[in-house]
Structures are given as C-alpha cells and as structure tokens.
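This report is intended for a reader who meets the structure for the first time. It proceeds from the strands to the aromatic rings, and then to the backbone and single side chains.

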Amino acid sequence: MRLSTVILPVQRWSEGGRELWRRAEELGFHGAYTYDHLSWRVPFRDGPWFGAVPTLTAAAAATSRLRLGTLVTSPNFRHPVTLAKELITLDDVSGGRITLGIGAGGSGFDATALRRADEEAWTPRERADRFGEFVELLDRLLTQDAVTYEGKYYSALEAHNIPGCVQRPRLPFAVAATGPRGLRLAARHGQAWVTTGDPKVAATGTAADSVEAIARQVEALGKACAEAGRDAGELRKILLTGFTPDGAGPLASVDAFVDFAGQHAALGFDEIVVHWPIPDSIFAADQRVFERIATEGAAQLGSG
C-alpha cells in the first residue's frame, strides 16, 4: 500500500507553497499530486488558484524523491499537442518522477472558461468522445518522435516531441473512470486507474454502501481489462479520498485511517491519496493527526 497526498495550488510559492511540497517528502509520502483546473468549486472559486504544470515544475526542483503528478488533467482546457510538450519537459525536470492523472473532466468552472457565452456545454457523450481521442492522441505524442493525427475533435500535423519522456516508453497514465467507456480507456492506455468512489452513493449512502459500490467498480475494471486482453493486476488502483460518505472521517485518527485504508486494500487498492489539510474547507483536518497518519499510519499499512 502506498500513501500519497494532494496539495491544492492555493498558496503562493514564496508564502508557504514550497514548504508544503518539501514537507510531503519529509513525511515519507510516496507521491504528491495537485488538481489541474483553471479554478475549482466554491469556496476555492473566489480565492487564489495557481496553474498545475508550473506548480509541479517548481515542486520537482524543490524535491528529489517524491513522485509528482496531476489528479486529474482533462480536455476541458487542454490540447494534447501542447500538453505533451509540457509533460515531456516536466518529466525531464523531475528526473522521471511524473504521473499523469487524466480524466474526462466535469462541468465545472474551467469547462466553460474558454467558451463564448452562446456556446452549448459539451454533452456527456461528447465529453466521453473527446476524452477517448484526447487519451489516444496524447499516448502517441508521448511515445513517437513525430505524430500526424486527424480526429473529430483533435488533430496534429507533424507534431515533434524529441527527445520524449525520461520514463519509457512514456510517463504513466492514471486514468480516472467509473463508467464503461472510461474503464475501457483505462484498460487500454492506463498504468493505473483512479476512482473517488460512486458520486450517487456519496450523496445518499453509507460508508458500507460506498465500499460495495467501489467493489463493483473494481469488478467492472476487471471485465474491461479482460476484454482488452490485459491482466487487471497490471494496473495500479488509486483511491482519491474525501468524496465518499466518510468525508474527512478517515483523517480523524490514525486508527480511523488504517481501518479505512485496510477496507480498500482488501478490494485491491494499492495507493490511497489524502488531501493536505486546508482550514475552513471540505478538506479541513488536524495537521498533527494528518502527519501522524503519514508516518504511523503508513507504517501500519506497510506503505512504501
């Protein structure tokens, strides 16, 4: 079991941002991720929010061991050609410590920031279609020196990406998915799969209901892998916490966290990601308990 954290990009680098990433490494976290949004939900919508790629580049320079990445990047405001160039550079600066968490994106603020006022929002089907093309093209851009591609939504004409990633054949994809199409993408292109649980269960269910729903997701992932001719055991399984009915409950104590993580380890998860505490938010938690979880809790789980 690996224990990682998410550090939201809400602090100026010179006013505590740098120290958070360094502290994450000191505490022994396997990895530290950040969200890739232009802005996020209330109350973060009206406060500071910095770019993911520059933040991760700075974090790469401030750390030496910690894996770094996004949870998650989406097509909402990204194009595969420009994103690939940024990722290759980031992988180089970090010495091959980058994981790309990638998902279809939602209908939040960054889904509309680049659109005209009279433009229609993407339908769920279009969002899934775009995601499929996005992942396919990005995979090619990160593994081939030059790519020409013509899709319905994205294209590339002799897009060059030399020298490519430090990690070969490319940096790993952690594909966030719960539906059939997304799970098939994870099975085809992912080195890891990410879930936050079942949103419907989170709204009305119990912690036990959530475990059952996630177990069904794991089963569906296995079927998608079988259809793709792939062993589901090849994919790391990542749980991004904070969105199940437990909320911040697993961070209430070391014992609560170990119990929560153990239940999901039994489902096959090998990486648990917790949010770095942010006061007066849905991610509020006692910093001292959080740091004990990072050390004592991780040790009880055999985290490495």
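Two strands are taken to pair if DSSP finds at least two bridges between them. The model described here is predicted.

## Strand S8 and its neighbours

In this model, strand S7 (residues 173–176) and strand S8 pair in the parallel sense, over three bridges. Within this pairing, Ala 176 stands opposite Val 194 of S8. The connection between the two strands involves a helix: S7, helix H5 (residues 180–189) and S8 together make a right-handed β-α-β unit.

Strand S8 also pairs with strand S9 (residues 236–240), again in the parallel sense, and here over four bridges. Thr 195 has Leu 239 of S9 as its bridge partner.

Strand S8 covers residues 192–195, and both of its faces are covered. Ala 192 and Val 194 lie on one side, Trp 193 and Thr 195 lie on the other, and all of them are buried. Val 194, the residue opposite Ala 176, and Thr 195, the partner of Leu 239, thus belong to opposite faces of S8.

## Cysteines

How many disulfides does the structure hold? The number is zero. A disulfide is a covalent bond between the sulfur atoms of two cysteines. Cys 165 has a relative accessible area of 2% and is therefore buried. Cys 225 is likewise counted as buried, because its relative accessibility is 0%.

## Aromatic rings

A pair of aromatic rings is described by the distance of the centres and the angle of the planes. The count for this model comes to 13 aromatic pairs. One of them is formed by Phe 29 and Trp 276: the arrangement is tilted, with 6.3 Å from centre to centre and 55° between the planes. This pair links distant parts of the chain, 247 residues apart. Phe 29 belongs to the loop between helix H1 (17–26) and strand S2 (31–34), while Trp 276 belongs to the loop between strand S10 (271–275) and helix H9 (287–301).

Are these two rings' residues buried or exposed? Phe 29 counts as buried because its relative accessibility is 1%, and Trp 276 counts as buried because its value is 6%.

Trp 276 also pairs with Phe 290; the ring centres are 5.1 Å apart and the planes stand at 65°. Why is this pair called edge-to-face? Planes over 60 degrees apart count as edge-to-face, so the angle of 65° places the pair of Trp 276 and Phe 290 in that class. Phe 290 lies in helix H9, 14 residues from Trp 276. With a relative accessible area of 1%, Phe 290 is buried.

Elsewhere, ring pairs join Tyr 35, Trp 40, Phe 44, Trp 49, Phe 243 and Phe 283 into a cluster.

Two arginines place a charged end over an aromatic ring, as tabulated below.

| Charged residue | Ring | Distance from ring centre |
|---|---|---|
| Arg 45 | Phe 109 | 4.0 Å |
| Arg 115 | Trp 122 | 4.5 Å |

## Backbone features

Which residues are joined by a cis peptide bond? One such bond joins Val 42 and Pro 43, with omega at about 10°. Pro 43 lies in the loop between S2 and helix H2 (52–62). Another cis peptide bond joins Leu 71 and Val 72, where omega is about -5°. Val 72 is part of strand S3 (residues 67–73).

Positive phi values are found in residues other than glycine as well. For Glu 158 phi is near 50°, and for Asp 280 it is near 55°. Glu 158 lies in strand S6 (residues 155–160), whereas Asp 280 is found in the loop between S10 and H9, the loop that also holds Trp 276. Glu 158 counts as exposed because its relative accessibility is 57%. Asp 280 counts as exposed because its relative accessibility is 78%.

## Arg 170

Arg 170 is found in the loop between S6 and S7. Residues under 20% relative accessible area are buried, so Arg 170, at 8%, belongs to that group. What does the side chain of Arg 170 reach? A polar contact of 2.8 Å joins it to the side chain of Asp 139. The side chain of Arg 170 also reaches the backbone oxygen of His 189, at 2.8 Å. His 189 falls within the residue range of helix H5 (residues 180–189), the helix of the β-α-β unit that includes S7 and S8.

Terms used
Residues are numbered from 1 along each chain as its sequence is written. This is a predicted model: local features need pLDDT of at least 70, side-chain atom pairs count only at pLDDT 80 or more; totals for chains, interfaces and linings use all residues. Side-chain values use heavy atoms; hydrogens and water are left out. Buried means under 20% relative accessible area, exposed over 50%, partly exposed in between (1.4 Å probe, protein chains only). A crossover is right-handed if, with the strands pointing away from the viewer, the path from the first strand over the helix to the second runs clockwise. A disulfide is a pair of cysteine sulfur atoms within 2.5 Å. Rings of Phe, Tyr and Trp (its six-membered ring) pair if their centres lie within 6.5 Å; planes under 30 degrees apart count as stacked, over 60 as edge-to-face and the rest as tilted. A charge sits over a ring if NZ of Lys or CZ of Arg is within 6 Å of the ring centre and within 35 degrees of the ring normal. A polar contact is a pair of N or O atoms within 3.5 Å; within protein, one must be able to donate a hydrogen and the other to accept it, and residues adjacent in sequence count only if both atoms are side-chain atoms.
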